[in-house]
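Open the model in your viewer and keep the selection tool at hand. Each stop below says what to select and what is there.

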Amino acid sequence: MKHRIKIILSLICLLFFGVHPALAQESSVPNVLVLHSYHKSLSWVESIEKGIISEFKKKKSNAALRFEYMDTKRINRSDYLQSLFELYKVKFKNTRFNIIICSDNNSLNFLLSHHHMLFPDTPVVFCGINNFRDNMLVDQDLFTGTIEEIDFRSTLDIAVKLHPKTRQIIFYGDDSPTYHANKALLDKIIPAYKDRLKFYCKNNFNLKQIQNDIQTLDPNSLILPGSTIRTETGGLLSFEESVKKMEAVSHVPIYGCWDFFLGHGLIGGRLVSGFAQGKTAADIALRILAGEPVSDIPVIKKSPNQYMFDNDQLKKFNINPSMLPKDVVIINRELSFYAKNKKLIIPIIVSIAVLTFIILILSLNIRTRKRFEQELEKGKERYRLLVENQTDMIVKFSLDGRLQFVSPSYCKTFRKTQTELIGEAFMPLIHKDDQDNVGKAIKSVFNPPYTVHVEERALTKDGWRWQSWLNTAVLDQDNKVEAVIGVGRDIDDRKKTELALIKSEEQFRDLFNSITDLIHTQDMEGRFTTVNPAMQRLFGYSKEEFLGRRAADFMEPELKSGFKTRYLEKVKKQGSLEGVGCYFTKTGEKIYIEYKSSLVKPESGKPYISGIGRDVTERILSEERVKKLQKQIVQAQKMESIGTLAGGIAHDFNNILFPIVGHTEMLLEDVPEGSSFKKSLNEIYSSTLRAKNLVEQILTFSRQESSELKLVKMQPIIKEALKLMRSTIPTTIDIQQNISKDCGVIKADPIQIHQLVMNFTTNAYHSMEETGGELKVSLKQVKLGEHDVEISSMVPGVYICLTIADTGIGMDKELIEKIFDPFFTTKEVGKGTGMGLSVVHGIVKSLNGTIQVHSEPGKGTEFNIYLPVVEKAFEEQKIQAKEPIQRGTEKILFVDDEEEIIAMEEEILKRIGYQVSSYTSSIEALEVFRANPGKFDLVITDMAMPGMSGDRLSAELTKIRSDIPILLCTGFSETMSEEKAASLGIKGFLMKPVVMKDLSQKIRKVLDKN
């Protein structure tokens, strides 16, 4: 008989697994998530939970309830809530809920923020919500529920009815936000009782003070707790403990508005009930599960409060329960006879029922067994037909994993017969990478609930394919596992799609995390909701520091106010926006980002802004540097053009000065001392020398003339120049000098340094000529690093800084840009040519230095001249003794295209003893030399001549006679210098105009060396 029963149970189990959708993973049981704001052990949470469960049981729903506890009463930080979101995203990734019930405000706020990402399209029913407002559910069509509202009015009405002599209400609390919020609600209804009751609100009393106060209350008083109370040491009592301590010393009734007070000293009232909240929410959820649209169920704005009373307190104050409202809940009622003896009565009734049942079973056993045997045969046939036509695979295997039964669909899948499969182990058919997982799953079948689901790859007739199996244990009469039944189906297409999706998500995540461009999303208020690691690295902020903040928070303060109009509104209106923005990193560094933002409107969920950006700081700064460099190049080209013009003028001017200098020198020699002409000739000679110096300044400005550079110290030169300036400018201008002794040496022409100081100080004097003021001159040595260099042409290093500052009229930015232009001047006619600053500009540039100008109108001007220090010992210049004019008797071939110069120079050379043959044509001079090369001891030739230039003539002469000494003279040449002349074999080089002493010394130097 036992053996038959086992067979019947096995067949029934197989039949059940073959047809029941739940075991084939197509469960029709509704899946319900209950999300609590607080922790599991809280009495309020337990009360709501009991209400939900009772309603589902009452309506006989087969829904599967799943409870989650957010624990936000004890932990309520933003990072914790973000962690909950990340946890639920993983935890519920493959779980779909038919409906969600959430309790209290924290869980509702959480779902309002994350519902579209965690539970899209899932309806939400809420309960226990305080301070509900309609705008909380804007664009939330899937949300409805019931609110929680404190009912002081109904509680006071029933209290006054039960205690008609009551004249005053005492409202106790602890001065907390909860107390003041509840007092605000009480204040709204106090006017309704102004003719009957007096209200006394007492807060910030500790426990001892409250107990003392209660003992002195008038008998016609009534206590209404508004919050918890504190101990004498400041400790906070729970709500339950607070009421219990009050009731222990009270001779007057205590009423309240919350069910967690009940049973601890409260008589009762119309109480906010967690049970009622949960029951109401469950009722709404069941309506939605039954097919009623969420949009047709409005939010219940009347809190489902209940009249609830404590029977022990009713007795204490002699209150007849018949005076209470209908549908009242009374706790601590006296038990009936049945209730008192339930433990004894129930076993007796059960025993009688069992004996009766046994008698009926025994009386029907024989007839039932015969009918059952008949039905069993019919059932076997139905089972056979059902199993043979079932598309799902059905197997039964022993505890050692050997197949005891296989359905035709299983045989077809693996292309094997039942004979080949029965008695064989199924594990070899499973992929080796999945065998451990399947083995662990089978072991779990031996423990409640005796069922397990597993996904595996199996080697079928079509190769390796994914299958889903639901394995259930077959139990014997001792609840021991004797076999396992498995129901499976092919899920290869679905599984591959899932794996492809997972891989795609991983690839996207890797791309998002590794891409160097900046990627982010923003909500419609411009707050960041996601940022990739590249953006975090560039700005120096963590992900948590970014989220919730707007891009405007990282801009300059003056740009924040326009963020909405310039960015948000344009993105919303145009759909996209691109441009370049300036931002600041966490360290305060300014960066430029080229961005493109687009408005995204998904089919489900809220619209958002997607953005991509790129750091273009280096490009922007480079563009600014290029613009600055272009400006400098234009200035340099302008100066170069003017320099070329100045060089041409200098060439012609030198040719004019040369005869004047020569003839004046000869006249000075011929005129006797004391002659009236002597003074005039000296003035002419001095003027020509000044003109010569002017030409040298012009050539210095044009950077075509190389001065003789020496290692010099600037201090004595500056002091000498200032001494000279002091004697030439009025005393209304105070000269202050601060010359450091510790400055190194520079490589420069002392005359140029003297000229530089004189020009700058003269310029400063003119700016203060009318008003007077201070002229400050300082000299110091500075070391400039990469970040100190403000001008692109400067390089880091050690410089001597000469500063010349005045308190004159100053200049604006436009004027500063022109002051170094030649012939530009702001002075009246006769006070300047406009060459002074342009000349010193050329001097400073030739010495690899830089000039910086700082000036504002009315605030004076400051020039900073930076000249590089030479890193070696200073060599003092030896003053050469004045040498006499040197003479000679050699034969000289003199060539110049200017007849005036020929005449003058021939006479000078003859005066100092030389024999001279002069020619104005270089070609004619060449033919004369070719005819008799040994006739001449020296050739003096001009550089710029028609027909054949001086350098070409020199080359032809040396071809004829390689040892012939040649002295080359020029007023100006862009193509010729002393170094180049030497490389051509020319022995000497002179710049016109040449004074007699210099000419005689150079001739003797060349001849004597040769």
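Select Leu81, Leu84, Phe85, Tyr88 and Lys89 in H3, then add Phe110, His114, Met117 and Leu118 in H4: these two groups meet, contact being heavy atoms within 4.5 Å. Helix H3 covers residues 78–91, and helix H4 covers residues 104–118. Helices (H or I, at least four residues) and strands (E, at least two) are DSSP runs, numbered from the N terminus.

This is a predicted model, in which local features need pLDDT of at least 70 and side-chain atom pairs count only at pLDDT 80 or more, while totals for chains, interfaces and linings use all residues. Residues are numbered from 1 along each chain as its sequence is written, and side-chain values use heavy atoms, with hydrogens and water left out.

Stay with the two helices. The axes of H3 and H4 are 11 Å apart and the packing angle is about 30°. Axes are lines fitted to C-alpha atoms, for helices over the stretch in contact, and angles run from 0 to 180 degrees between N-to-C directions. H3 and H4 are therefore roughly parallel to each other; the classes are roughly parallel for angles under 35 degrees, roughly antiparallel over 145, roughly perpendicular from 65 to 115, and oblique for the rest. The crossing of H3 past H4 is right-handed. A crossing is left-handed if the near helix is turned anticlockwise from the far one by less than a right angle, and right-handed if clockwise.

**Around strand S4**

Next select residues 124–129, which form strand S4. How many of its six residues are buried? Six of the six are buried. Buried means under 20% relative accessible area, exposed over 50%, and partly exposed in between (1.4 Å probe, protein chains only).

Add strand S3, residues 99–103, which pairs with S4 in the parallel sense over four bridges. Two strands pair if DSSP finds at least two bridges between them. Serine 103 stands opposite cysteine 127 in S4. From S3 the chain passes through H4 to reach S4, a right-handed β-α-β crossover. A crossover is right-handed if, with the strands pointing away from the viewer, the path from the first strand over the helix to the second runs clockwise.

Now add strand S5, residues 143–147: S4 and S5 also pair in the parallel sense, over four bridges. Valine 125 has threonine 144 in S5 as its bridge partner.

Before leaving, select aspartate 121, in the loop between H4 and S4. Its phi is near 70°, a positive value in a residue other than glycine. Aspartate 121 counts as exposed, at 56% relative accessibility.

**A three-stranded sheet**

Select strands S6, S7 and S8. They form an open sheet in the order S7-S6-S8, with parallel pairing. The edge strands, each pairing on one side only, are S7 (198–202) and S8 (221–225). From one strand to the next the twist averages 20°. S6 (residues 168–172) pairs with S8 over five bridges, and isoleucine 170 stands opposite isoleucine 223 in S8. Show helix H6, residues 177–189, as well: H6 lies across S6, S7 and S8 and runs at about 155° to S6.

**Helices H2 and H9**

Select H2 (residues 43–58) and H9 (residues 274–289), whose axes come within 7 Å and cross at roughly 40°. H2 and H9 are therefore oblique to each other, and their crossing is right-handed. The residues that meet include Trp44, Ile48 and Phe56 in H2, and Phe275, Ala282 and Leu286 in H9.

**Single residues further along**

Which strand holds valine 406? Valine 406 lies in strand S13, residues 403–406, and is buried, with a relative accessible area of 0%. Beyond its neighbours within four places in sequence, valine 406 is in contact with Ile394, Val395, Cys411, Gln418, Leu421 and Ile422. Glycine 486 is 80 residues apart from valine 406 along the chain, and their C-alpha atoms are separated by 9.6 Å.

Select proline 449, in the loop between helix H15 (432–444) and strand S14 (451–460). The peptide bond from proline 448 to proline 449 is cis, with omega near 5°.

Finish at asparagine 848, in the loop between helix H26 (836–846) and strand S27 (850–855). Asparagine 848 is not a glycine, yet has a positive phi of about 60°; it is exposed, with a relative accessible area of 62%.
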